[in-house]
Amino acid sequence: MIQFFKSIPFHIKSAAKSLVRHLVMTLSAASAVMVTLVLLAAFLMIAGNVSGFADHIEDEIRIHVILGENIVSEEQLQETKTEIEAIDGVKEAELSDKENELKLWIAEKGEIFSMYEGENNPLHNAFFVSVTDPDRIAEINDTIIALDFVDDAMYGGNSISTLISMLNTIRSGIIVFVAVLGVLAIFLISNTIKMGIYARTNEIAIMRNVGATNTFIKTPFMIEGMIIGLLGSILPCIGAYFGYAYLYNAMGGQLFSNVFAFQPINPFVFEIIGILIVTGMIVGIFGSFLSTTKYLRWKR
Amino acid sequence: MILLENVSKSFKNGVHALRDVNLYIEEGEFVYIIGPTGSGKSTLIKLLDGELIPSSGRVVVAGTDVGKLRHSKVPLYRRNIGVVFQDFRLLPELTVFENIAFALQVIGLDKVTIRRRVREILELVSLEDKAKSFPRELSGGQQQRATIGRAIANSPRVLIADEPTGNLDPEKSQEIMELLEKINQEENTTILMVTHDSNLVDMNKKRTIALEEGYIVADIQKGGYIHHD
């Protein structure tokens, strides 16, 4: 292990030498990584925002459960809360008492209803019930209505759950696409490194002859791959930052309405940049790991 | 030091390179291996340095069963044996000093030790004044001495020389011979030398093993080339 760290300068030197020697190949591999990362960045931005939209909407949709008139005591409320939360798929039931209900009513319908404040409040106690899986919201709503202490229950309606499942589909589609792109980039890098290996067959043969371990032979190539990955991630990172900032400001931070608010530039873009750099490096290391391992396996 | 027990090696294409070879070589011995092209000499070398695995039988070098080595352990084993090739195989963009140092860097020695050892080696192979030269600036004999220097840099217990004089004129060949004998005596390195050169074998008589079509056809302690009528 200590030997390994001691030999790191040697490895970096030989990796750098090889990168410069095969400059054209290095640049072509780096641009392959670059194209992949640009696409990855674009898709991460879409995915991040779509998932932001979805989370936002998911937060909005809760079932408004209005309790029967006779449910008033602290004890009864606690009992009903427990009973609702026991339903499969219910995340939480949050109490909204008469007074709060009226406040919401006033906020929605106008100041005139403030005359009902105090003893005259005709509204019932209620719960806002959030669910774990928005796809099952209709089913849970029906279950709650069927409870005998419940007067009524309602939620945003079918359009919202359709929208959510659509957003989820888009999200998983994007993940698959990004994975495919990653595999493509690994393939390209591993091919480039393979050319580097063939250009250095002699050197590797001698290294094996004098007893260099496989790790020792692989390390400079891995560093080479890592540097290619890093080089390829520079432009996409810069592009991601300025591109997103431009779009964000041009669109005023939202798409159509504030339900579709964009993720704020900080930290969203920096997270994406981090992912790009790490992905570039991992793809580079993995690509060269594949080709060196494959090459060395056939030599003893 | 080297033990081959009923070793056979055949390839997928049906060639039987070695057939039922039994061989024992003591520590510190100097042995010639002779035989025509295709007699199995190269295969024997590749079995010894772990490049090939015997189809049957056992190859034991310095206590290691070479055929049973795991892939990742082969490099560690190889630090015990040096190999010298007919075509030198020096790295063209490194100087003589760097070429020899390379063998030591690769096994992770520190700079000071490397520098000291390389100087020792350069002295042994009489290339002190060529330390900063590149291989292309050297004559064939000098290049071969540099290769031998690289092969013995990490003090291997066995040195295998594959036709080390194949590309050299008789005078230079004799020089290389003397160098190998010096290494054999001073470092007590066991040396296996594969050769075609009948003059050399006749002039420097040593134990000689003759291979033909994969069989050992002669193993003569007093030495001398076997001439066919």
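# A first look at chains A and B

In chain A, 84% of the contacts with a separation of 6 or more are between residues 24 or more positions apart; a contact here is a pair of residues whose C-beta atoms, placed from the backbone, lie within 7 Å. For chain B, take the contacts between residues at least 6 apart in sequence: 66% of them join residues at least 24 apart.

What you are looking at is a predicted model, in which local features need pLDDT of at least 70, side-chain atom pairs count only at pLDDT 80 or more, and totals for chains, interfaces and linings use all residues. Residues are numbered from 1 along each chain as its sequence is written, while chains are lettered from A and ligands numbered from 1 in the order in which they are written.

Here is the make-up of the two chains. Helices (H or I, at least four residues) and strands (E, at least two) are DSSP runs, numbered from the N terminus. A residue is buried if 20 or more other C-beta atoms, placed from the backbone, lie within 10 Å of its own, exposed if 12 or fewer, and partly exposed in between.

| Chain | Helices | Strands | Length | Buried share |
|---|---|---|---|---|
| Chain A | 10 helices | six strands | 300 residues | 31% of residues |
| Chain B | seven helices | 10 strands | 229 residues | 42% of residues |

## The sheet in chain A

Let's start with a sheet. Chain A holds an open sheet of four strands, in the order E2-E3-E1-E4, and the pairing is antiparallel; strands pair if DSSP finds at least two bridges between them. At the edges sit E2(A), covering 90-96, and E4(A), covering 150-154, each paired on one side only. Going from one strand to the next, the twist averages 20°, where angles run from 0 to 180 degrees between N-to-C directions and axes are lines fitted to C-alpha atoms, for helices over the stretch in contact. Helix H4 of chain A (residues 74-85) packs on this sheet and touches E1, E2 and E3 of chain A, and its direction makes about 155° with that of E2(A).

Now zoom in on E1(A). Strand E1 (residues 63-67) runs antiparallel to E3 (residues 126-131) of chain A, with four bridges joining the two. Ile63(A) has Val129(A) as its bridge partner in E3(A), and Ile66(A) has Ala126(A). E1(A) also pairs with E4(A), again over four bridges and in the antiparallel sense, with Val65(A) standing opposite Ala153(A) in E4(A). In a regular strand, side chains alternate between the two faces of the sheet. On E1(A), the covered face carries Ile63(A), Val65(A) and Leu67(A), and the uncovered one has His64(A) and Ile66(A).

Several of these residues come together around Ile144(A), which is found in helix H6 (residues 137-146) of chain A. Ile144(A) counts as buried because it has 22 C-beta neighbours inside 10 Å. Leaving aside neighbours within four places in sequence, its contacts are Ile63(A), Val65(A), Ile84(A), Ile87(A), Val129(A), Val150(A) and Ala153(A). Take Val65(A): it lies 79 residues from Ile144(A) along the chain, yet their C-alpha atoms are separated by 7.7 Å.

## Helices in chain B

Over to chain B, beginning with helix H1 (residues 41-48). Six of the eight residues of H1(B) are buried, so this helix is largely enclosed by the rest of the structure. The buried residues are Lys41(B), Thr43(B), Leu44(B), Ile45(B), Leu47(B) and Leu48(B). After H1(B) comes Gly50(B), with a positive phi near 85°.

Further along, H3(B) and helix H4 (residues 111-124) of chain B pack at an angle of about 130°, their axes 10 Å apart. That angle makes H3(B) oblique to H4(B), because under 35 degrees counts as roughly parallel, over 145 as roughly antiparallel, 65 to 115 as roughly perpendicular and the rest as oblique. The crossing of these two helices is right-handed (the near helix is turned clockwise from the far one by less than a right angle; anticlockwise would be left-handed). H3(B) makes the contact through Phe97(B), Ile100(B), Ala101(B), Leu104(B) and Gln105(B), and H4(B) through Ile114(B), Arg117(B), Val118(B) and Ile121(B). By class, this contact has seven nonpolar, one polar and one charged residues, with Ala, Val, Leu, Ile, Met, Phe, Trp, Tyr, Cys and Pro as nonpolar, Asp, Glu, Lys and Arg as charged, and the others, Gly among them, as polar.

## Where the chains meet

The contact between the chains takes 17 residues from chain A and 19 residues from chain B. On the chain B side, the elements giving two or more residues are helix H2 (74-78) and helix H3 (96-105). H2(B) gives the most to that side, with four residues. By class, the side of chain B that touches chain A has eight nonpolar, five polar and six charged residues.

Conventions:
Two residues are in contact if their C-beta atoms, placed from the backbone, lie within 7 Å.
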